[in-house]
Amino acid sequence: MKILQFVFFLLFVSNALGGNSKVLAKEMKLCSEIHQSWMNSTLEITRQTPGYSAPVAARTFSYFSIGMYESSVELLSNNQSLSGQLSDWNRNTWKSDDDQLSFPLIANEVNHILTRYFYINMPPASSEKVKSLYLNWKLKLQKKVRKKSKWKSLEYAEKLAAEIINWSKGDGADNCWNKNFPKDFQEKMCLGCWTKTLPGFERALQPFWGQNRTMLPSNTAQCNDLKPMPFSSDANSDFYQENLKIVDFYKNLTIEHKTIAKYWDDSPGVSGTPVGHLYSIALQLSSSQKLSLALELQSYVLLGIAMNDAVIESWRLKYEFSAIRPISYIQQYIDPKFNTAIPTPPFPEFPSGHSFQSGAGSEILKFIFSDTLSFSDFTNVKRTDIEGKQRSFTNFTAMSEEMSMSRFYGGIHYDYTLLQSLIFGRKIGRNTLSQIQFQKP
């Protein structure tokens, strides 16, 4: 009899564990679907929200991704929080042992709160879509959650989201979407210094961005050796020859060169800026490669940290060196009729923010998916202002090189700048990978 009772006990335990395993798998699948739907929404809203320049977008994607990860990390038994690993991020909201929480409900709530905060300027049509997305998930999820669990979960989500928002307010860029072109910035004055350019002669974009807090302080140290080419108007100088290289190239500029320049232009309102473009690729591949919830969220977090810091560092150096743009130099010293294939953005030339981001971002994508993966990018297939076809790449290194070189084809960066910027962007990406620990010790 005792043997029979023991057998029944083992069967009960086995069934219970098997049931728990199925419930856990279902929760993780739901969380993945929720996060993907919110990431898709974020990509769309970034294109539509006023004030979402490249620095602003990079910052928001970093906090949004960290919010996604932190909202689900206690569901992932092998993973740990980023608390204590990032500048000033020390989390206080945790699950109690007796709490019965719904992590899908938490994921939806945190994503919604962060979206409402970081995209406070979103248009009414976008706001309605956000409301619909939120309510659709909430109504679906809470049907299967007990009342006590529901309110505990929502309380947990609200506290966690508030922590992330309060943390973001200390980085020096709070409300940054309304501060893109500060009137109190004084441009440097010298022959080789940046000055306002065609087409709009706009004031400097986010000139104080380089003073912001990076996610990883060690990322700043990666860029100490980066220096621009010395300015010179002498026709025999290296700097003059860099400009002449652009002029000579433009004599035979092909349709393909223009296509690449416009494909990677990633201006505000077009593709979510460079960070949005790379997140779009990550989202596409997360789905097609069927990443686990843990790896999917890690990819978002690593992209966010690396690209946020890459933008801060490139902007710091841009305004430190205040390098003249090709259109200004070429029109003054070589060809007054010269024009570019894409508009010159309103900030100094060196280093290249695009190349910093492509270098940093591609290192993350290589780590997650490997650099042997050939893939196609469908980010721009719905665009009608350019040739909206997919572009295919043999690996992420090739993609990053094209993304960087597109700025030379566009006529807005020097070849020297792009080569150096890509190298240092990759350093930030690799350093980010070395610093962040997702697995529990």
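This is a short talk about some salt bridges and one helix packing in the structure above.

Hi everyone, thanks for coming. Please keep in mind that we are looking at a predicted model. Across the whole structure, a search turns up 21 salt bridges. I'll walk you through a few of them, and then we'll look at how two helices pack.

Let's begin with E363. You'll find this residue in helix 11, which covers residues 353-369. Is E363 buried or exposed? With a relative accessible area of 8%, E363 is buried, because the cut-off for buried is under 20%. Leaving aside residues up to four places away in sequence, E363 touches R426, G429, R430 and L433.

One of those neighbours is also a salt-bridge partner: R426 pairs with E363, and their closest N and O atoms are 3.9 Å apart. This pair joins distant parts of the chain, since R426 sits in helix 13 (residues 415-435) and E363 in helix 11, 63 residues apart. Both R426 and E363 are buried. And there are further residues to add here, as a network of salt bridges links E363, K366, R426 and R430.

Now over to helix 9, residues 293-321. Here the side chains of R316 and E313 form a salt bridge, at 2.7 Å from N to O. How are these two placed along the helix? R316 and E313 are 3 residues apart in helix 9, so about one helical turn separates them. Their surroundings are worth a look too: R316 is partly exposed at 24% relative accessibility, while E313 is buried at 1%.

Another pair for your list is R383 and D385, whose side chains meet in a salt bridge, again with an N to O distance of 2.7 Å. In this pair R383 is buried, with a relative accessible area of 15%, whereas D385 is exposed at 53%.

On to the packing. Two packed helices are described by the angle between their axes and the distance between the axes. For helix 9 and helix 11, the angle is about 160° and the axes lie 8 Å apart. Angles over 145 degrees count as roughly antiparallel, and therefore that is how we describe helix 9 and helix 11. Helix 9 passes helix 11 in a right-handed crossing. What kinds of residues make up this contact? By class, there are 15 nonpolar, 5 polar and 2 charged residues.

So, if you open the model afterwards, try starting at E363 in helix 11 and following the salt-bridge network through K366, R426 and R430. Thanks for listening!

Key: Residues are numbered from 1 along each chain as its sequence is written. This is a predicted model: local features need pLDDT of at least 70, side-chain atom pairs count only at pLDDT 80 or more; totals for chains, interfaces and linings use all residues. Side-chain values use heavy atoms; hydrogens and water are left out. Helices (H or I, at least four residues) and strands (E, at least two) are DSSP runs, numbered from the N terminus. Buried means under 20% relative accessible area, exposed over 50%, partly exposed in between (1.4 Å probe, protein chains only). Contact means heavy atoms within 4.5 Å. Axes are lines fitted to C-alpha atoms, for helices over the stretch in contact, and angles run from 0 to 180 degrees between N-to-C directions. Angles under 35 degrees count as roughly parallel, over 145 as roughly antiparallel, 65 to 115 as roughly perpendicular and the rest as oblique. A crossing is left-handed if the near helix is turned anticlockwise from the far one by less than a right angle, and right-handed if clockwise. Ala, Val, Leu, Ile, Met, Phe, Trp, Tyr, Cys and Pro count as nonpolar, Asp, Glu, Lys and Arg as charged, and the others, Gly among them, as polar. A salt bridge is a side-chain nitrogen of Lys or Arg within 4 Å of a carboxyl oxygen of Asp or Glu.
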